[in-house]
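Please work through the exercises below with the sequence and the model open side by side. Each task is followed by a solution that goes step by step.

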Amino acid sequence: MTTQYLGSSHTERKALMEQRRRRDRTLTNQAVADAFAVDPNVDPYALSLDDIDPSNPEYFQHDTHQRHFERLRAEDPVHYHEFSMFGAYWSVTRYDDIKYVDTHHDLFSSHWSHGGISINGIPEQGTDETQRLPMFVAEDPPKHDEQRRVVTPLFAPNNLAELEPLIRQRACKILDNLPINEEFNWVRRVSVELTGQMLATLFDVPQEDRMRLIDWSDTIGSLSDPDEYSSPEEGFKKLWECSDYFKGYFEERKKMPPKFDLISLLAHDKSTNEMDEREFLGNIMLLIVGGNDTTRNSISGGVLALNQNPGEYDKLKQNPKLITNMVSEIIRWQSPVIHMARTATQDTELGGKTIKKGDRVVMWYISGNRDEDAIPRANEFLIDRRNVRQHTAFGYGIHRCVGNRLAEMQLRVIWEEIMKRFSHIEVTGDVKRLRSNFVHGIRELPVTIRA
Ligand code: HEM
């Protein structure tokens, strides 16, 4: 059997895992990346099942993760990984099991003090400041429900209908300014622009500051990336600037009559107007990352998927009415949130396995979305798919994405405007992907639009 690791020995990696569990501050991102370096193109079927570990961010960076999940779904859909760079965890890879975990919040906690919602989280004594940010996605009832209720009205259908003309106007402006016959990065010029402008609107902060919001959101996504920061703590320092920035608006809006923006809503509700500085930063980061990365990557992912499936692009050209349906298919296909993690609150059974109280459980949404037992022809991108909204990408249960209709609307509007203008957007360069097992991101998508 082949091993997936290229670097140090098993004993050395074990020592490093322990160092990480203790939150040893001398541990650098580079040391972890080196010790757990894998051949991203390794054949998962050449590994022993115990050696499979889909959590390694390199597989996502190189877009080679799907076959690892395919094997797990087929051979051990609820699989215990004793050993990974994030410690021990259970992988849940099938659609039905993911739905079960997500809808049983009494059995599977999201709480930050247990390790929270990312595989990066380490329970209790080892948890460091980069993980111990309270935010409502990483809370359980009743606090979760109270805080979620505060922001929900902003995403209600009547408010979204009011936002649509503004989104359309911006989409038109962005598209009308694109270069023709010249290669450019679609991510920067279109995906980031549209979602960045939306974010500034949701918070009602000056549009000129939108790139600062994007920069903070990107920081969260790359805290463990050795190419960006030497340690998560170093990246984290930057986030306090974000807290200071929003604190000013928060205090100001507390004194003003309530308005309909995220900061004002938070400032005027009793469950969110007295947050300490960590919880304040946590909830702001949640709303920034939620409202930005995910939609951005779906906009880029759609262009890529259509290029990789020219037959589907032809279908769209012949019938642009398919756009609404296509939007959901793009979100399923891209699965912009790769996973959400939970912690078992008691011993419980799942897929014939006994999960012990305190065990970390990872729901791989990106795998559930390719589960052929639940979604017919799941490994094909089909813009006219039936029951297309039946996907795992927005999660289920009490944490189901609060912004899902806003995301779908932004995607629908940008595609409607694209189809009015351009006969074809061609991917003409190498795609660069994010090194992350949480956000399924595209950093660079070089495209050319021909005259
Ligand atoms: C295609 C775009 C999007 C995808 C794929 C996505 C995905 C998700 C997922 C998987 C969850 C967790 C679900 C669970 O644990 O069951 C979530 C929660 C959340 N999302 Fe989204 N999201 C998207 C867009 C947005 C937008 C535009 C916003 C607006 C700010 C947003 C804000 C949130 C918030 C606040 C939560 C926490 C909800 C809670 O804990 O109750 N998301 N999203």
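## Exercise 1: Residues with unusual backbone geometry

With 14 C-beta neighbours inside 10 Å, Asp-204 counts as partly exposed. The model is a predicted one, and the residue numbers run from 1 along the chain as its sequence is written.

Task: state where Asp-204 is found, what its phi is, and how Asn-387 is placed in terms of exposure.

Solution. Begin with the position of Asp-204, which is found in the loop between helix H8 (186–203) and helix H9 (210–221). Next, read its backbone angle: phi of Asp-204 is near 50°, a positive value in a residue other than glycine. As background, most residues other than glycine have a negative phi, and most peptide bonds are trans. Then turn to Asn-387, whose phi is also positive and near 50°, and which is found in the loop between helix H15 (365–368) and H16. Asn-387 counts as exposed because 9 other C-beta atoms lie within 10 Å, the cut-off for exposed being 12 or fewer.

Finish with the peptide bonds: a cis peptide bond, with omega of about 5°, joins Pro-141 and Pro-142, and Pro-142 lies in the loop between E3 and helix H6 (143–151).

## Exercise 2: The mixed sheet

Task: in what order do the five strands of the open sheet with mixed pairing stand, and which strands are at its edges?

Solution. Start with the order, which is E1-E2-E8-E5-E3. The edge strands are E1 and E3, each of which pairs on one side only.

Now follow the pairings one by one across the sheet. Strand E1 (residues 78–81) and E2 pair in the antiparallel sense over four bridges, and Tyr-80 stands opposite Trp-90 in E2. E2 and strand E8 (residues 360–364) are parallel and pair over three bridges; here Ser-91 stands opposite Val-362 in E8, while the bridge partner of Val-92 in E8 is Met-363. E5 and E8 run antiparallel and are joined by five bridges, with Trp-364 in E8 as the bridge partner of His-339. Finally, two bridges join strand E3 (residues 108–109) to E5, and this pair runs antiparallel, with Phe-108 opposite Ala-344 in E5.

Next, consider the faces. In a regular strand the side chains alternate between the two faces of the sheet. In strand E2 (residues 89–92), Tyr-89 and Ser-91 point one way and Trp-90 and Val-92 the other way, and all are buried. In E5, His-339, Ala-341 and Thr-343 lie on one side and Met-340, Arg-342 and Ala-344 on the other, and all of these are buried, so that, with 20 or more other C-beta atoms within 10 Å as the cut-off, both faces of E5 are covered.

Last, look for what lies across the sheet: helix H5 (residues 95–103) lies across E1, E2, E3, E5 and E8, running at about 125° to E8.

## Exercise 3: Two helices in contact

Task: at what angle do the axes of H7 and H16 cross, and which classes of residue make up the contact?

Solution. Two packed helices are described by the angle between their axes and the distance between the axes. The axes of helix H7 (residues 157–176) and H16 come within 9 Å and cross at roughly 35°, and the crossing is right-handed. The contact is made by residues including Leu-160, Ile-167 and Ala-171 of H7 and Leu-406, Val-413 and Ile-418 of H16. Sorted by class, the residues of the contact of H7 with H16 divide into 11 nonpolar, one polar and five charged.

## Exercise 4: The shell around the ligand

Task: which residues come nearest to the ligand, and which helix supplies the largest share of the shell around the ligand?

Solution. Of the 28 residues around the ligand, Gly-290, Gly-291, Gly-395, Cys-401 and Gly-403 come nearest. Helix H12 (277–308) and helix H16 (404–421) each supply at least two residues of the shell, and the largest share, seven residues, comes from H12. By class, the shell has 16 nonpolar, nine polar and three charged residues.

Methods: Predicted model: local features only at pLDDT ≥ 70, side-chain atom pairs only at ≥ 80, totals over all residues. Near = placed C-beta within 6 Å. Nonpolar A, V, L, I, M, F, W, Y, C, P; charged D, E, K, R; others polar. Pairing = 2+ DSSP bridges. Axes fitted to C-alpha atoms, helices over the stretch in contact; angles between N-to-C directions. Left-handed = near helix turned anticlockwise from the far one by under 90°. Contact = placed C-beta atoms within 7 Å.
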